[in-house]
Amino acid sequence: MKKVLLALTAVAAFTGSASAADLGARPYTKAPAPVAAVYNWTGFYIFGGGGGGLWSADSNVVDFPSGVAITRDQRNGGSGWFGTVGAGYDMQFAGRWVAGIFGDAQFGDIRGSLSDPFFATEGRMKLETSYAAGVRLGYLVAPNVLSYVNAGYSGSEWSGTTQTTIAAGGGPGIYTTPSFDRNGWFIGGGVENNLDLFGISAPGWFMKTEYRSAFYDRVTLPGTVTPAFGGGPTGTAVTFKPWTQTISTSLVYRFNWGGAPVAARY
């Protein structure tokens with residue numbers, strides 16, 4: 001029995017020495033922490049989507065062509081939906097910053113009313129198309145999430161109206177106002193993120209949600225009496241100074257996504 005105990009003791013001592021030797025030969029090292037992927041946002045992109053919007057406008061009646069005000073300003077408005085398409089180019093710089101240029105167009109059905117308190121009439125008006133060209137500046141809050149602001153030029157196309165008597169609840173058109181274009185400027189902002197954020201594996205595909213506010217110059221819309229009431233000018237005009245607000249969500253495809261990363265720490 002004594003010989004068995006001595007043999008076991010020797011084996012244990014030998015094993016312990018081998019383990020210590022192994023540890024000395026291969027020291028323990030901690031696994032490196034995972035590093036978040038850093039992508040290059042520089043390149044071209046296209047997008048398409050839709051959303052909702054509204055417009056409001058200060059409006060009054062003036063003598064035409066003198067332009068002397070007959071009534072005070074009142075507020076008209078409308079709301080509806082639209083689709084949008086566009087394209088742009090971004091450049092990533094200084095690590096997390098992204099700057100770019102873009103252009104887009106919006107089309108849809110944002111309708112409202114244009115009232116004439118002098119003749120007590122009202123007609124339906126539609127924002128038919130708007131388009132923009134601008135710049136944006138963003139900051140990468142994560143490698144695949146961009147928060148940005150944008151601003152630039154905006155143009156718009158509006159329908160004309162057929163004015164009917166408000167008190168009669170409609171009826172035949174008394175006079176018409178022409179369709180028109182307006183130029184102005186916009187300011188907005190939004191967030192763009194890779195679809196991986198939602199667990200969708202779609203390299204190059206992003207989603208962006210954006211708010212935009214656009215301001216346009218006042219226009220003077222002379223009235224023309226309809227043939228049913230004798231035709232000819234009304235001798236007055238309705239002025240219209242619109243302001244639009246939109247919120248849209250679009251799918252974005254970035255052609256360069258997955259290219260060489262930009263050196264940055266997140």
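## A cavity and its walls

Strand β12 supplies more of the lining of the second largest cavity than any other element, giving four residues. This is a predicted model, and the cavity in question has a volume of about 80 Å³. Besides β12, the elements that give two or more residues to its lining are β3 (74-93), β4 and β10.

Which residues line the second largest cavity? Here's the roll call: Phe-47, Phe-82, Thr-84, Asp-104, Gln-106, Lys-208, Glu-210, Arg-212, Thr-246, Ile-247, Ser-248 and Ser-250. Sorted by class, that makes three nonpolar, five polar and four charged residues.

## The largest cavity

Searching the whole structure turns up three cavities of 30 Å³ or more. The largest cavity comes in at about 90 Å³. It has 13 lining residues, and the ones closest to its centre are Gln-106, Ser-130, Arg-212, Ala-214 and Thr-244.

Two or more lining residues of the largest cavity come from each of β4 (97-116), β5 (121-142), β10 (205-216) and β12 (233-254). As for the mix, there are six nonpolar residues, six polar ones and one charged. A couple of names may ring a bell: Gln-106 and Arg-212 are among the residues closest to the centre of the largest cavity, and Gln-106 and Arg-212 also line the second largest one.

## Zooming out to the whole chain

So what is the chain built from? The protein chain has one helix and twelve strands. Starting at the N terminus, the helix comes ahead of the strands, in the order α-β-β-β-β-β-β-β-β-β-β-β-β. The chain holds 266 residues, and 40% of them count as buried.

How much of the contact list joins residues 24 or more positions apart? Among contacts with a separation of 6 or more, such pairs account for 72%.

## Rings that pair up

Now for the aromatic side chains. The model holds 16 aromatic pairs. In one of them, Trp-158 and Phe-180 have ring centres 6.0 Å apart and planes at 5°, so they count as stacked. Trp-158 belongs to strand β6 (residues 145-158) and Phe-180 to strand β9 (residues 180-194), so this pair ties together parts of the chain 22 residues apart in sequence. Are these two residues buried or exposed? Trp-158 is buried, with a relative accessible area of 1%, and Phe-180 is buried too, at 7%. Ring pairs also link Trp-158 and Phe-180 with Trp-55 and Phe-240 into a cluster.

Another pair is Trp-185 with Phe-215: the ring centres sit 4.8 Å apart and the planes are at 25°, which is under the 30 degrees cut-off, so this pair is stacked as well. It links distant parts of the chain, with Trp-185 in strand β9 and Phe-215 in strand β10, 30 residues apart. Trp-185 is partly exposed, with a relative accessible area of 47%, and Phe-215 is partly exposed at 30%.

## How confident is the prediction?

Across the protein chain the pLDDT averages 87, and 81% of the residues score at least 70. Residues 1-25 are another story: the pLDDT there is below 50, and the stretch has zero contacts in the model beyond near neighbours in sequence.

Note on methods
Residues numbered from 1 in each chain as written. Heavy atoms only, no water. 1 Å grid on protein atoms, 1.4 Å probe; cavity = no way out; pocket = protein on both sides within 12 Å on 5 of 7 lines; lining within 4 Å. Points joined across faces, edges and corners; volume = space filled by probe spheres on them. Nonpolar A, V, L, I, M, F, W, Y, C, P; charged D, E, K, R; others polar. pLDDT = per-residue confidence, 0-100. Contact = heavy atoms within 4.5 Å. Phe/Tyr/Trp six-rings, centres within 6.5 Å; stacked < 30°, edge-to-face > 60°. Buried < 20%, exposed > 50% of the residue type's maximum accessible area, 1.4 Å probe, protein only.
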